[in-house]
Amino acid sequence: MRLWDPGAQPERTALAWSRTTLSLIVAGLFCVRFAPTAPSAALAAAAVCGAVSLQLRRTQKQHRRRTTAPPAVDPASIALATAVTVLLGLTGLLLALA
């Protein structure tokens, strides 16, 4: 007999989003710390701010929906995560070229 837990998959998805945003924050902070130029430090700082706002957004949604249906990933969170990843990529290019 196979038991199915309807709460396991949404919980794993939420944890994966949390790990992703925390790793973006840490990577951005490293880039800010070791950036040789002001533009690359500014891009990394913008990426950190975006990742923090993404984490706060996800946390607020989880607390609001704790008693209702499992949270779905909204398009704004996906766009914000994509923008933060692109900013960190540009920061990495600036760091490599410097």
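**Note on a predicted three-helix model**

1. Setting aside its neighbours within four places in sequence, Q55 makes contact (heavy atoms within 4.5 Å) with W17, S18 and T21. Q55 belongs to helix α2, which covers residues 38-64. Its relative accessible area is 17%, so Q55 counts as buried (under 20%; exposed is over 50%, partly exposed in between; 1.4 Å probe, protein chains only).

2. The model is predicted, so local features need pLDDT of at least 70 and side-chain atom pairs count only at pLDDT 80 or more, while totals for chains, interfaces and linings use all residues. Residues are numbered from 1 along each chain as its sequence is written, and side-chain values use heavy atoms, without hydrogens or water.

3. The protein has three helices and zero strands (DSSP runs numbered from the N terminus: H or I, at least four residues, for helices; E, at least two, for strands). Read from the N terminus, the order of elements is α-α-α. Of the 98 residues in the protein, 28% are buried. When contacts between residues at least 6 apart in sequence are considered, 70% of them join residues at least 24 apart.

4. Which residues make up the largest nonpolar core? This core has eight members: L24, I25, C31, A44, A47, A51, V84 and L88. A nonpolar core is a set of buried Ala, Val, Leu, Ile, Met, Phe, Trp, Tyr and Cys residues joined through side-chain atoms within 4.5 Å. Helices α1, α2 and α3 (75-97) each contribute at least two residues to the core.

5. C31 is one of the eight core residues. Apart from its neighbours within four places in sequence, C31 is in contact with A44, L88, T91 and L95. Among these partners, A44 and L88 are themselves members of the core.

6. A35 sits in the loop between α1 and α2. Is A35 buried or exposed? A35 is buried, at a relative accessible area of 18%. Its contacts, with neighbours within four places in sequence left aside, are S40, A41 and L95. A35 and L95 are 60 residues apart along the chain, and their C-alpha atoms are separated by 6.5 Å. L95 also appears among the contacts of C31.

7. T37 is likewise placed in the loop between α1 and α2. With a relative accessible area of 32%, T37 is partly exposed, whereas A35 is buried. T37 and L94 are 57 residues apart in sequence, and the C-alpha to C-alpha separation is 8.4 Å.

8. How many aromatic pairs does the structure hold? There is one aromatic pair. F30 and F34 form this pair, which is stacked, with 6.4 Å centre to centre and 10 degrees between the planes. The criterion takes rings of Phe, Tyr and Trp (its six-membered ring) with centres within 6.5 Å; planes under 30 degrees apart are stacked, over 60 edge-to-face and the rest tilted.

9. Where do F30 and F34 lie? Both lie in helix α1, four residues apart, or about one turn of the helix. Helix α1 itself covers residues 8-34. In contrast to the buried Q55, both F30 and F34 are exposed.
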